[in-house]
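These are my notes from a session spent looking things up in one structure, kept in the order in which I went through them.

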Amino acid sequence: MQTVKMVITGPYSSGKTEFIRSISEIEVVSTEREVTTEAERREKGATTVAMDFGRITVDDDLVLYLFGTPGQRRFDFMWEILAEGMLGFIVMVDSSKPETFREAKNILETFRAYAATPYVDDLRIALRIDPDVKLLKCVARERASVRDVLLELLYAITEQMDE
Ligand SMILES: Nc1nc2c(ncn2[C@@H]2O[C@H](COP(=O)(O)OP(=O)(O)O)[C@@H](O)[C@H]2O)c(=O)[nH]1
Ligand SMILES: [Mg+2]
């Protein structure tokens with residue numbers, strides 16, 4: 001039995017928690033708290049402060065552990081802790097919020113620096129992503145869509161291991 005750790009990151013309110021909830025076979029362990037500022041309150045009522053944790057069994061030999069990061073800068077001390085030992089990461093970007101693209105790019109670069117892992121993300125042109133990086137659409141509310149993204153990342157990891 002192999003276990004693989006994957007990190008789901010991205011800006012505030014980009015669908016990270018939703019992504020993990022859509023696919024996890026266990027009740028997602030979340031550390032959500034009520035948001036504190038007025039701007040955040042308009043967006044949504046709760047935010048992840050430490051991490052989300054979910055699990056998905058791919059087959060008899062393979063289990064994925066999904067760790068969702070907090071999106072807000074003031075919790076970014078958690079990022080490096082969560083990145084420890086990850087085999088891959090996914091940067092979620094809400095395509096309807098161009099004002100978050102710069103932040104998404106910063107997060108992408110931060111996580112790339114933690115580990116030379118393949119990753120899946122979105123919005124290649126806006127974020128000026130290298131052509132050798134996979135670009136996938138994902139509706140975080142749809143389990144099949146989340147599963148497809150995770151499987152793509154998993155294939156990228158196993159391809160790299162076989163090289
Ligand atoms: N329309 C739409 N809304 C989504 C999707 N994923 C998440 N949301 C909503 O966007 C908001 C932020 O999602 P959340 O998972 O809490 O974001 P996080 O801060 O990145 O963990 C919530 O109100 C979600 O219900 C999606 O794929 N489509
Ligand atoms: Mg969250």
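**Entry 1: Cys 138 and its surroundings**

I began with the contacts of Cys 138 and, leaving aside neighbours within four places in sequence, found it touching Phe 19, Ser 145, Val 146 and Val 149. Cys 138 itself sits in the loop between helix H5 (124-127) and H6. I then asked whether Cys 138 counts as buried, partly exposed or exposed. It counts as partly exposed, because its relative accessibility is 25%, and the cut-off for buried is under 20%. I also looked up the C-alpha distance from Cys 138 to Met 92, which is 8.6 Å, although 46 residues separate the two in sequence.

**Entry 2: how far to trust the coordinates**

Before going further I noted that this is a predicted model, and I checked its confidence. The mean pLDDT of the protein is 83, and 80% of the residues reach 70 or more. Confidence is highest in H1, at a mean of 93, and lowest in strand E6 (residues 119-120), at a mean of 53. Where pLDDT is low, the predicted coordinates should not be read in detail, and I kept that in mind for the entries that follow.

**Entry 3: strand E1 and its partners**

Next I turned to strand E1, which covers residues 2-9 and has six of its eight residues buried. Which strands pair with E1, and in what sense? Strand E4 (residues 62-68) pairs with E1 in the parallel sense over seven bridges, and here I noted Lys 5 opposite Tyr 65 in E4. Strand E5 (residues 88-91) also pairs with E1 in the parallel sense, over four bridges, with Met 6 standing opposite Gly 88 in E5.

Within E1 I looked up Thr 9, which counts as buried because its relative accessibility is 0%. The side chain of Thr 9 makes a polar contact of 3.0 Å with the side chain of Thr 69. Apart from residues up to four places away in sequence, the residues touched by Thr 9 include Lys 16, Phe 89, Ile 90, Val 91, Met 92, Ile 107 and Phe 111.

In the loop between E1 and helix H1 (16-23) I stopped at Ser 13, which has a positive phi of about 65 degrees although it is not a glycine. Ser 13 counts as buried, since its relative accessibility is 17%.

**Entry 4: the nonpolar cores**

I then went through the nonpolar cores, bearing in mind that in soluble globular proteins nonpolar side chains tend to be buried together. The largest core has 20 residues, and those touching the most other members are Met 6, Ile 8, Phe 19, Leu 64, Leu 66, Ile 90 and Leu 150. Two or more residues of this core come from each of E1, H1, E4 and helix H6 (143-162). Which element gives the most to this core? It is H6, with six residues.

Taking Leu 150 from that list, I looked up its contacts beyond four places in sequence and found Met 6, Phe 19, Ile 23, Ile 56, Leu 64, Leu 66 and Ile 90. There is also a second, separate core of 19 residues, which includes Met 78, Trp 79, Phe 89 and Phe 101.

**Entry 5: salt bridges**

Last came the charged pairs, and the structure holds six salt bridges, of which I wrote up those below.

- Arg 141 pairs with Glu 18, the closest N and O atoms being 3.7 Å apart. This pair links distant parts of the chain, as Arg 141 is in the loop between H5 and H6 and Glu 18 is in helix H1, 123 residues apart. Arg 141 is exposed, at a relative accessible area of 69%, whereas Glu 18 is partly exposed, at 34%.
- Arg 112 pairs with Asp 130, with 3.6 Å between the closest N and O atoms. Arg 112 lies in helix H4 (residues 101-114) and Asp 130 in the loop between H5 and H6, so the pair ties together parts that are 18 residues apart in sequence. Arg 112 is partly exposed at 33%, and Asp 130 is partly exposed at 32%.
- Asp 94 and Lys 97 meet through their side chains at 2.8 Å, N to O. Asp 94 is partly exposed, with a relative accessible area of 21%, whereas Lys 97 counts as buried, at 14%.

Methods: Residues are numbered from 1 along each chain as its sequence is written. Chains are lettered from A and ligands numbered from 1 in the order in which they are written. Side-chain values use heavy atoms; hydrogens and water are left out. Buried means under 20% relative accessible area, exposed over 50%, partly exposed in between (1.4 Å probe, protein chains only). Two strands pair if DSSP finds at least two bridges between them. pLDDT is the predictor's confidence in each residue, from 0 to 100. A nonpolar core is a set of buried Ala, Val, Leu, Ile, Met, Phe, Trp, Tyr and Cys residues joined through side-chain atoms within 4.5 Å. Contact means heavy atoms within 4.5 Å. A salt bridge is a side-chain nitrogen of Lys or Arg within 4 Å of a carboxyl oxygen of Asp or Glu. A polar contact is a pair of N or O atoms within 3.5 Å; within protein, one must be able to donate a hydrogen and the other to accept it, and residues adjacent in sequence count only if both atoms are side-chain atoms.
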